[in-house]
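This briefing is meant to be read alongside the sequence and the coordinates. Please keep both in view while working through the topics.

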Amino acid sequence: MSGVRSEETVDHDEPGLQLVHLLRAVTVELNLSAAEFAADNGLHPTDVRALIHLLDADREGVTATAGRLGTQLGINSASTTALIDRLERLGLVRRERDTRDRRRVLLAVTDKAVALGWSFFGPLIREMIASMDSFDAADLAVVRRFLLAMREVTAAAREAGREGTAGR
């Protein structure tokens, strides 16, 4: 790969590498919070990831289906069904018939799921937003561009890895 160096040639003082390490540290902290939330609420980490995907879909106005959720989570249809069944039993997700195509089943998070998530993550989200007060609009625009670029690079690398292992 171009631009990638072995550990022996890495300049640990390079600003880009320091940012990657900071981004990883934030990701680790968020993952630890998600794991704590899962444990506190009798959920599996995949349940939490599923709820996040469904909440994001709802916020973005995107139709959520079992197939889409399974693809996002990288799990097969049987595992996706078991996951949805579990979340439905817990009252966190409901299945709804698509009013335009009665054969299709849509997924929606319940008010209970939203309230549960806010009860745990709300204080963290409020603190994160408050900490942004020290940044002006231009700073936040740069951070947004940076995070979007990192998400794009990460998603592309994950997709390339998936394609690389498909033939094995």
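The points below go from the chain as a whole to one helix residue and then to the aromatic rings.

The structure is a predicted model, and its protein chain contains six helices and two strands. In sequence order these elements follow the pattern α-α-α-α-β-β-α-α, and buried residues account for 20% of the 168 residues in the protein chain.

**Overall chain**

- Taken along the principal axes, the box filled by the C-alpha atoms of the protein chain is roughly 55 × 45 × 35 Å.
- When contacts between residues at least 6 apart in sequence are considered for the protein chain, 42% of them join residues at least 24 apart.

**Surface and charge**

- The protein chain exposes about 12,100 Å², of which carbon and sulfur atoms supply 58%.
- The protein chain carries 22 positive and 25 negative charges, and the mean positions of these two sets are 10 Å apart.

**T80 in helix α4**

- T80 lies in helix α4, which spans residues 77–89, and T80 is classed as buried because its relative accessible area is 3%, where the cut-off for buried is under 20%.
- Leaving aside residues up to four places away in sequence, the residues that T80 touches are A66, G70 and I75.

**Aromatic rings**

- The count of aromatic pairs comes to three, and one of them joins F37 and F121, whose ring centres are 5.1 Å apart and whose planes meet at 50°, so that this pair is tilted.
- The F37 and F121 pair links distant parts of the chain, since F37 belongs to helix α1 (residues 15–40) and F121 to helix α5 (residues 111–131), with their positions 84 residues apart in sequence.
- Both partners count as buried, F37 at 4% relative accessibility and F121 at 18% relative accessibility.
- F121 also pairs with F120, and here the ring centres are 4.8 Å apart with the planes at 75°, so the pair is edge-to-face, the cut-off for that class being over 60 degrees.
- F120 itself is partly exposed, with a relative accessible area of 24%, a value that falls between the limits of under 20% for buried and over 50% for exposed.
- Taken together, ring pairs link F37, F120 and F121 into a cluster.

Technical notes: Residues are numbered from 1 along each chain as its sequence is written. This is a predicted model: local features need pLDDT of at least 70, side-chain atom pairs count only at pLDDT 80 or more; totals for chains, interfaces and linings use all residues. Side-chain values use heavy atoms; hydrogens and water are left out. Helices (H or I, at least four residues) and strands (E, at least two) are DSSP runs, numbered from the N terminus. Buried means under 20% relative accessible area, exposed over 50%, partly exposed in between (1.4 Å probe, protein chains only). Contact means heavy atoms within 4.5 Å. Accessible areas come from the Shrake-Rupley method with a 1.4 Å probe; for residues, only the protein chains shown count as cover. Lys and Arg count as positive and Asp and Glu as negative; His and the chain ends are not counted. The place of a charge is taken as NZ of Lys, CZ of Arg, CG of Asp or CD of Glu. Rings of Phe, Tyr and Trp (its six-membered ring) pair if their centres lie within 6.5 Å; planes under 30 degrees apart count as stacked, over 60 as edge-to-face and the rest as tilted.
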